[in-house]
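Morning, everyone. Let me put the structure up, and then we'll walk through the RNA surface, the pockets and the cavity.

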Amino acid sequence: MLENNLKSSIEKAFETIFSPIGDLPVTVQKTRKDVAGDYTVNVFPFLKISKTNPQETAEKIGKYLVENNENIAKYEVIKGFLNLYIKAEYWLNEFKSSYKNVDFGISSSKPDAAVTMIEYSSPNTNKPLHLGHIRNNLLGYSVAELLKAAGKNVVKVNLVNDRGIHICKSMLAWQKWGNNATPESTGKKGDKLVGDYYVKFDKAYKQEIESLVSSGMEKEKAEKEAPILKEAQTMLRQWEAKDPEIFNLWQTMNGWVYEGFDITYKALGIDFDKIYYESNTYLLGKKIVMEGLEKGVIFKKEDGSVWADLTEDGLDQKLLLRADGTSVYMTQDIGTAQQRFDEYPIEDHIYVVGNEQNYHFQVLKLILKKLGYNWSDSIHHLSYGMVELPEGKMKSREGTVVDADDLIADMIQTARETSQELGKLEGYSEEEKESVYNTIALGALKYFMLKVDPKKGMMFNPKESIDFNGNTGPFIQYTYARIQSLKRKWAKEIEFSFEDSLLNEKEIELIKKVKDFENTIQDAAKAYSPAMIASYVYELAKEFNQFYHDFTILKEENESIKVMRLALSQWIGHTIKNSMKILGIAVPERM
RNA sequence: GGUCUAGUAGCUCAGCUGGAUAGAGCAACAGCCUUCUAAGCUGUAGGUCCCAGGUUCGAGUCCUGGCUGGAUCACCA
């Protein structure tokens, strides 16, 4: 790696000219765009060692580097910044040795290496997926791809929250008002149908509270005493007791939901290596909690409810089992984690879960630690920001959600219209055309969601459709399609050899940019940030489009320059494709 | 109220461990297709980086305090 090579040269330079730099970190950064040069060394931190002014320090180091490092052509000192120029020959060699490599920049993982587990999606089976889930799913899938590209051995898992009081609410409402409605009888997607009953429950519940309050009960009490809620709680106990009728209904309704989810997952192009169900792990969680109780790490209150006391750690007490013995979300998360660490040699376990659950994960890690599990430290909560609408947060009960299926369908329609207007797909069959519309629509949606730093909240305005121009997925896809068009027209192997003097400035710029892919993957993987890949590939595409505009490629008369430019285009094409793959985005041959 | 988190152009967002004159896209305006895909390229305009202190050679970035927004502190998940 060139950066490391430069760093050690610089260290040696200080040692030779001044004195060893010891622990001071040497930073070599890319030179700003508006200044000539390739790499910049900031000498300010070393003035204490050089005991002379920045200008002189930089001059001496620069002189040494040119004499002692074969990659450096010359140097310049501007305002105390030492700018290094790398020989064109170096870039040319990098280019030559990599342009045919379709997996340039991608590290392959060792199958026997320790596992990086990533949990994402984690839907509740009582309502359909919405925009917030889309961010989760895309982020999880992309981070998994990113870590794979960085050489990690990744296992993608989903945890389906298929049991609990919320499921009972939908079930109860269906029992009461469903008239045996099924997805078949209503023509509704299964998850949508079940979601309708969750909403119906909530309406009835609110009405009951209201009437209780108007008959004189305090609101807080009414919320606990509403008969329909009591019924749902009874149902949960029946479920945990495996009451056949309830269990059967539960299986049926969850089955509907899974059929619905599968359609949405497929449309989004995401998948999992393994699916865990809360209904299979909550008992293990209960068992662990009971063991903790025996060890005295966890305590029981008079009413029979079981708690973890975290007040010494500055947190509150946390409920682990209700007084009626049923378990809560935390209980099963403990069991699920234990099961996973038993099943896999996990070195890093990432949970892609919204930042509204920061507290939950703080508590989970702490409880696991108290229970004596050292692997608690391997748990990492990838806490992403909420997607907000102009009116504020989405609320499923108030009908302000952007439905995942609807949004995808809208995007495809927009892509179809735009594409037909431009009319560049002549000669394609209808099926091929639809496939391109789909690719573009999802490219736009995915890129839109992933280009934002995961940690930050993001704004989505349903009234303004997602753009297809500028810093967007389609822009990058379009750049790729242009490159593919060149390759189709050339229709031969791209093979070249020539002298470095033939490279112009823009071409060197592009080589540097492509080379940077390797570093970008590592940095992005460390930060769990697909946004860094998005930003990278956008810049690459933008620079290629400038190049494409300013220079001829196929019409270039000098044969060796022509082939070199084709080779460069091809290399960029690979890199765009690989970058987009990390984002979970496909690239079209034409658009 | 406690804890956590964010505030950068009209809007949506970049700005990595502190480094040179704070960047993109959209929207606006002005240009570029008889030539490899104009979903493109070029230019103009647009800023109190929320405010006030502090740390230092240097702060959008770090610290303290404030203002504003969001999340969370459930026998919900």
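Which of the 64 residues around RNA strand B come nearest? They are Asp303, Asp316, Lys424, Phe551 and Lys555. By "near" I mean that a heavy atom of the residue lies within 4 Å of the strand.

Some ground rules. This is a predicted model, where local features need pLDDT of at least 70, side-chain atom pairs count only at pLDDT 80 or more, and totals for chains, interfaces and linings use all residues. Residues are numbered from 1 along each chain as its sequence is written, chains are lettered from A and ligands numbered from 1 in the order in which they are written, and side-chain values use heavy atoms, with hydrogens and water left out.

Back to the RNA. Of the strand B atoms within 4 Å of the protein, 63% are sugar or phosphate, and the rest belong to bases. Here are some polar contacts, meaning pairs of N or O atoms within 3.5 Å; within protein, one must be able to donate a hydrogen and the other to accept it, and residues adjacent in sequence count only if both atoms are side-chain atoms. Asn124 has a side-chain N or O atom 3.0 Å from a sugar or linking oxygen of RNA strand B. Asn471 uses a polar backbone atom, 3.4 Å from a sugar or linking oxygen of the strand. Lys542 puts a polar side-chain atom 3.2 Å from a phosphate oxygen. Elements giving two or more residues to this surface include helix 6 (165-177), helix 17 (473-490) and helix 19 (530-550). Helices (H or I, at least four residues) and strands (E, at least two) are DSSP runs, numbered from the N terminus. The surface near RNA strand B has 27 nonpolar, 19 polar and 18 charged residues. Nonpolar is Ala, Val, Leu, Ile, Met, Phe, Trp, Tyr, Cys and Pro; charged is Asp, Glu, Lys and Arg; the others, Gly among them, are polar.

Now the pockets. On a 1 Å grid over the protein atoms alone, a pocket is an open set of points with protein on both sides within 12 Å along at least five of seven lines; in a cavity, a 1.4 Å probe fits but cannot get out; lining residues have an atom within 4 Å of a point. Points join across faces, edges and corners, and a volume is the space filled by probe spheres set on them.

The largest pocket holds about 1,200 Å³. It has 39 lining residues, with Asn124, Lys127, His133, Glu356 and Gln357 closest to its centre. Asn124, remember, also contacts the RNA.

The second largest pocket has about 1,000 Å³. Thr31, Gly37, Asp38, Glu509 and Lys512 are closest to its centre, out of 33 lining residues. Helix 18 (505-526) gives the most, with 10 residues. The lining splits into 11 nonpolar, five polar and 17 charged.

Why does this pocket lie between domain 1 (2-86) and domain 3 (418-582)? Because both domains give residues to its lining. Domain bounds come from an automatic or database domain assignment.

Last, the cavity. How many cavities of 30 Å³ or more does a search of the whole structure find? One. It holds about 40 Å³. Arg135, Leu138, Leu139, Met449, Leu450, Val452 and Pro454 line it. Helix 5 gives the largest share, three residues. By class, the lining is six nonpolar, no polar and one charged.
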